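Subject: Structure for you to look at

Dear colleague,

I am handing over the structure below, and after it I set out what was found. Please keep it open beside this message as you read.

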Amino acid sequence: MLKPPIPRMGGKSRLRKRIVSMLPEHICYTEPFFGVGWVYFGKEPSKVEVINDIDGELVNLFKMIKFHSEEIQRLIQYEICSRDLFDFYKEIDTNRLTEIQRAIRFIYLVSQSFASKGVSFGYGTTKNPSPHIFNSSSLNCLKERLRNTYIENKSFEDIINRYDRPHTVHFCDPPYFETDGYSTTFGEHEHLLLRDTLASVKGKFILTINDHPTVREWYKGYYLTETQVHYSVAKAKNARGLYKELIITNYVPPSAAI
Ligand SMILES: C[S@@+](CC[C@H](N)C(=O)[O-])C[C@H]1O[C@@H](n2cnc3c(N)ncnc32)[C@H](O)[C@@H]1O
């Protein structure tokens, strides 16, 4: 199993083995809400794979890893862990950067910030600076993994509709209901659009989302599997701990995985 190049809020590191074990047979695999792709990097490659995120900086990072991983590795070794540099990267106009520089900026901001949000400089007195800018030697493996993958930068409904076939499986990990923290809004309107888009697919879907009465109502009639995930990073200390989540499928989930 490979590890994504950077951390990301909502990443499916703890649930990925379970999700992978629940994937049905398929030819085409899509991840319309890719983030940093814990599940994609943890599964065997499918014949056709599509990864997508609405965040253009994230998509640029994966494109650059695919085409220029050596150059990113070469340049990133000159970065230092510094609050001044963090503020410089945060404020710089990305239109003035090359795509490779944009990728390095993104790795820097995410890996050197508190809770990987790219907002405030992360530092501590009991832990070392984040190693991502000093140790990016694994980028070459990720480049190989990305070889046969379509990388898209659209909203989820476009990807689901475009690639949906009876032999497609869509793994959907949207922002959780009633939570924020991403660069774009994902409110009730977007959640309902997702539900309606998934309701019309010819293929299969597997959706992960927070366990909420409204969500249960929206997806009644599908297969709902309850699970619990431990989060160590949250805005408020008292929000850290065990969270109830749902894994929702439009096919009978394999019993061994439940
Ligand atoms: C919970 S995260 C996905 C985490 C991912 N499974 C992982 O392991 O890293 C949700 C992602 O959805 C993306 N997103 C938000 N709105 C979107 C939209 N309308 N279409 C596609 N992606 C969207 C966010 O940028 C974010 O990366």
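Where in the chain is the place of T94? T94 sits in the loop between α4 and α5, and please bear in mind from the start that this, like everything that follows, is read from a predicted model. At 22% relative accessibility, T94 counts as partly exposed, because that class begins where the buried class, under 20%, ends. Leaving aside residues up to four places away in sequence, T94 touches E57, R102 and R105. For R105, the separation from T94 is 11 residues along the sequence, while the two C-alpha atoms are 8.9 Å apart in space.

The contact with E57 leads to helix α3, which covers residues 56–76. How far does helix α3 span between its end C-alpha atoms? A straight helix of 21 residues would span 30 Å at 1.5 Å a residue, but α3 spans only 20 Å. When you follow the helix along, you will find that α3 bends by about 105 degrees at H68. At its N-terminal end, α3 is capped by D55, which places a side-chain oxygen 3.0 Å from the backbone nitrogen of E57.

Several residues of α3 are buried, among them E57, L58, F62, I65, S69, I72 and I76. As general background, an α-helix has 3.6 residues a turn, so residues three or four places apart point the same way. The buried residues of α3 pack against α2 (38–42), α5 (99–111), α6 (139–145) and β3 (149–152).

From there it is natural to turn to the nonpolar cores. In soluble globular proteins, nonpolar side chains tend to be buried together. The largest nonpolar core in this model has 43 residues, and those with the most contacts inside it are I6, F62, I65, I72 and I206. At least two residues of this core come from each of α1 (16–22), α2, α3, α4 (83–91), α5, α6 and β4. The core also draws at least three residues from each of domain 1 (1–54 + 154–258) and domain 2 (56–145). A second core, separate from this one, has 18 residues and includes F33, Y176, V201 and L246.

Y176 also appears in a contact with T179, whose side chain reaches the backbone oxygen of Y176 at 2.8 Å. T179 lies in the loop between β4 (168–172) and α8 (188–199), and it counts as partly exposed, at 41% relative accessibility. Although T179 and N210 are 31 residues apart in sequence, their C-alpha atoms are 9.6 Å apart in space.

Two backbone angles deserve a careful look. Most residues other than glycine have a negative phi. E178, placed in that loop between β4 and α8, has a phi near 60 degrees, a positive value in a residue other than glycine. A115, placed in the loop between α5 and α6, has a phi near 55 degrees, which is likewise positive in a residue other than glycine.

Which of these two, E178 or A115, is buried and which is exposed? E178 is exposed, with a relative accessible area of 62%, whereas A115 is buried, with 16%. S116 is also in the loop between α5 and α6, and S116 counts as buried because its relative accessible area, 19%, is under 20%. Not counting residues up to four places away in sequence, S116 touches P7, R8 and V110.

With best wishes

Notes: Residues numbered from 1 in each chain as written. Predicted model: local features only at pLDDT ≥ 70, side-chain atom pairs only at ≥ 80, totals over all residues. Heavy atoms only, no water. Helix = DSSP H or I, 4+ residues; strand = E, 2+ residues; numbered from the N terminus. Expected span 1.5 Å × (residues − 1). Bend = angle between axes of the 7 residues up to and from the residue. Buried < 20%, exposed > 50% of the residue type's maximum accessible area, 1.4 Å probe, protein only. Contact = heavy atoms within 4.5 Å. Polar contact = N/O pair within 3.5 Å; in protein donor to acceptor, adjacent residues only side chain to side chain. Core = buried A, V, L, I, M, F, W, Y, C linked by side-chain atoms within 4.5 Å. Domains from an automatic or database assignment.
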